[in-house]
Amino acid sequence: MGLRAKIGIAIAATAGVVAVLVGLLVHHHTVNSQLDLAGHALDSRLETTVQDRAAGIDTGRGLINPQDLPRPLRQLVERGRRGVYLELGGRTPYLWAAGRLGPDIVALKRPYLREQETVRALDRMLWVAGAAGTGLGCVVGLLVAHRLGRRLTASAATAQRIAEGDLGARLPRGGKDEIAQLTSAVNTMAEALAARLRAEREVAANIAHELRTPVAGLVTAAGLLPPSRPTEMVRERAEHVRGLMEDVLEVARLDARTEEADRELRPLGELARRAVAACAGAMGEATGSAGARDGAVRVRVLADGLVETDPRRVERILVNLVSNARRHGAAPVTVEVDGGVVRVRDAGPGFPEVLLTHGPQRFRTGGGRSGPGLGLGLTIAAGQARVLGAGLRFANPAGGGAQATVDLRGALRPERPAEEPAAD
């Protein structure tokens, strides 16, 4: 049950309880007031009747020693007191007043129907007023709950956008209540977080940019060294540093959210094969024949699809996913194309739980067969997918291993019809 429903139910329940309590109080007060007034009037008439009979005047209004006098009132009169009693046992209620005159009991009796009808009419009015008040309370409660819920929902949505990397998202300011205080606190937190993240990204990008020229010189110098095992090690380390530096710069560009896709129509199966071939070439392996095996990675095209997308970015995503599967997973690694969906699966230990929960995070990754990495490959894949408007999901299938799914179905385009040969 949402907060809106809880607030609405609470206000409606409070309005209903208040209406019932007010109705009960009014009902009991009216009943007691009517009984007091009617009893006082009948007692005054009884006093007059007793005085007339004591003076020898018979007005014919009093009852002498009535047999149907209620027992409680008879006992009260026999003790020498005068009293009023409401008899409700029969079909018609009666109000009695009785007193003693010598050895006799003088009593007055009248129906109490008019007062009861008045109380019933009052009860009906109280029920209608209570129902109307409760209904109005429900409407007001729902309106208040809807307004509060909408503000809280907007706050939660903005906080989620900030968590997903939209550092410019802010909550609208307004009001002086607790939600306005929460809004101000969230905005302040977002501004501080954005400033810190921007500073960290700028530092990383600046360091990578400043290292670009020295690293390029280092790679060039390593290429001039005479062939030997130490030379190969120097070249390998230099290429690794250059690749890491380029990855950091690419992450910085993606974080700036200024990248735009250059879209072309390409078969998705072809892009998958090219990505696997590029990954195999980067690892110094031979590339297999068209489609069966590309190095140690199997490419399966269940159903090819023509997609309008940026081929360079799609290949970059697939290269990073395949490289991650080979580095941290285990053979066999399979790239499966099914319409507008590409699945990269390995038989390794699976993705870490923190990645499945929070997604890829730079400089934070689990270990694999090759030890822990820096988390830049999957971070770049997620950033490139965001630029393309594609979906990227990570899962550990029930059969074991890890599976990354790239969803490009939104970029699928109908196949272009084959051109008919010209007539002779």
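Residues are called buried under 20% relative accessible area, exposed over 50%, and partly exposed in between. The model described here is predicted. By these limits, Glu308 is partly exposed, because its relative accessibility is 30%.

The protein chain contains 9 helices and 13 strands. Of its 424 residues, 33% are buried. Among contacts in the chain with a separation of 6 or more, 64% join residues that lie 24 or more positions apart. The surface exposed by the protein chain comes to about 25,100 Å², and carbon and sulfur atoms supply 57% of this area.

One of the sheets considered here is open and has 3 strands in the order β5-β8-β13, with antiparallel pairing. Strands β5 and β13 (412–413) stand at the edges; each has a single partner strand, so one side of each is left without a neighbour in the sheet. The antiparallel pairing of β5 with β8 (residues 306–309) runs over 4 bridges. In this pairing, Glu264 has Thr309 of β8 as its bridge partner.

Arg266 belongs to strand β5, which spans residues 264–267. With a relative accessible area of 22%, Arg266 is partly exposed, since the buried class covers values under 20%. Beyond the residues up to four places away in sequence, Arg266 touches Leu271, Arg274, Gly305, Leu306, Val307 and Pro311. For one of these residues, Gly305, the separation from Arg266 is 39 residues in sequence and 8.4 Å in space, taken from C-alpha to C-alpha.

The sheet also carries a salt bridge between side chains. Arg413 and Glu308 meet at 2.9 Å, N to O. Arg413 lies in strand β13 and Glu308 in strand β8, so this pair ties together parts that are 105 residues apart in sequence. Arg413 is partly exposed at a relative accessible area of 34%, and Glu308 is likewise partly exposed, at 30%.

In total, the structure holds 17 salt bridges. Side chains of opposite charge can pair when their charged atoms come close. Another of these contacts joins Glu336 to Arg300, with an N to O distance of 3.4 Å. This pair links distant parts of the chain, 36 residues apart: Glu336 is in strand β9 (residues 333–338) and Arg300 is in strand β7 (residues 297–303). Glu336 counts as buried at 16% relative accessibility, whereas Arg300, at 38%, counts as partly exposed.

Glu336 also forms a salt bridge with Arg343, at 3.0 Å from N to O. Arg343 is partly exposed, with a relative accessible area of 24%. These residues belong to a network of salt bridges in which Arg300, Glu336, Asp338 and Arg343 are linked. Within the network, the buried residue Glu336 is thus bridged to Arg300 and to Arg343.

Asn320 is placed in helix α7, which covers residues 311–328. Its relative accessible area is 9%, and Asn320 is therefore buried, as the limit for that class is under 20%. When neighbours within four places in sequence are left aside, the contacts of Asn320 are with Gly377, Ile380 and Ala381.

A nonpolar patch of about 350 Å² is present on the surface, made by Val17, Val20, Leu21 and Leu24. Leu24, one of its members, is located in helix α1 (residues 3–54). The relative accessible area of Leu24 is 45%, and this residue is partly exposed; the exposed class would require a value over 50%.

The cysteines were also considered. A disulfide is a covalent bond between the sulfur atoms of two cysteines. The structure holds 0 disulfides. Cys138 is partly exposed, with a relative accessible area of 27%, whereas Cys279 counts as buried at 2% relative accessibility.

Notes: Residues numbered from 1 in each chain as written. Predicted model: local features only at pLDDT ≥ 70, side-chain atom pairs only at ≥ 80, totals over all residues. Heavy atoms only, no water. Disulfide = S-S within 2.5 Å. Buried < 20%, exposed > 50% of the residue type's maximum accessible area, 1.4 Å probe, protein only. Helix = DSSP H or I, 4+ residues; strand = E, 2+ residues; numbered from the N terminus. Contact = heavy atoms within 4.5 Å. Pairing = 2+ DSSP bridges. Patch = residues over 30% accessible without salt bridge, like charges linked within 9 Å, V, L, I, M, F, W, Y side chains within 5 Å. Areas by Shrake-Rupley, 256 points an atom, 1.4 Å probe, with all protein chains shown as cover. Salt bridge = Lys/Arg side-chain N within 4 Å of Asp/Glu carboxyl O.
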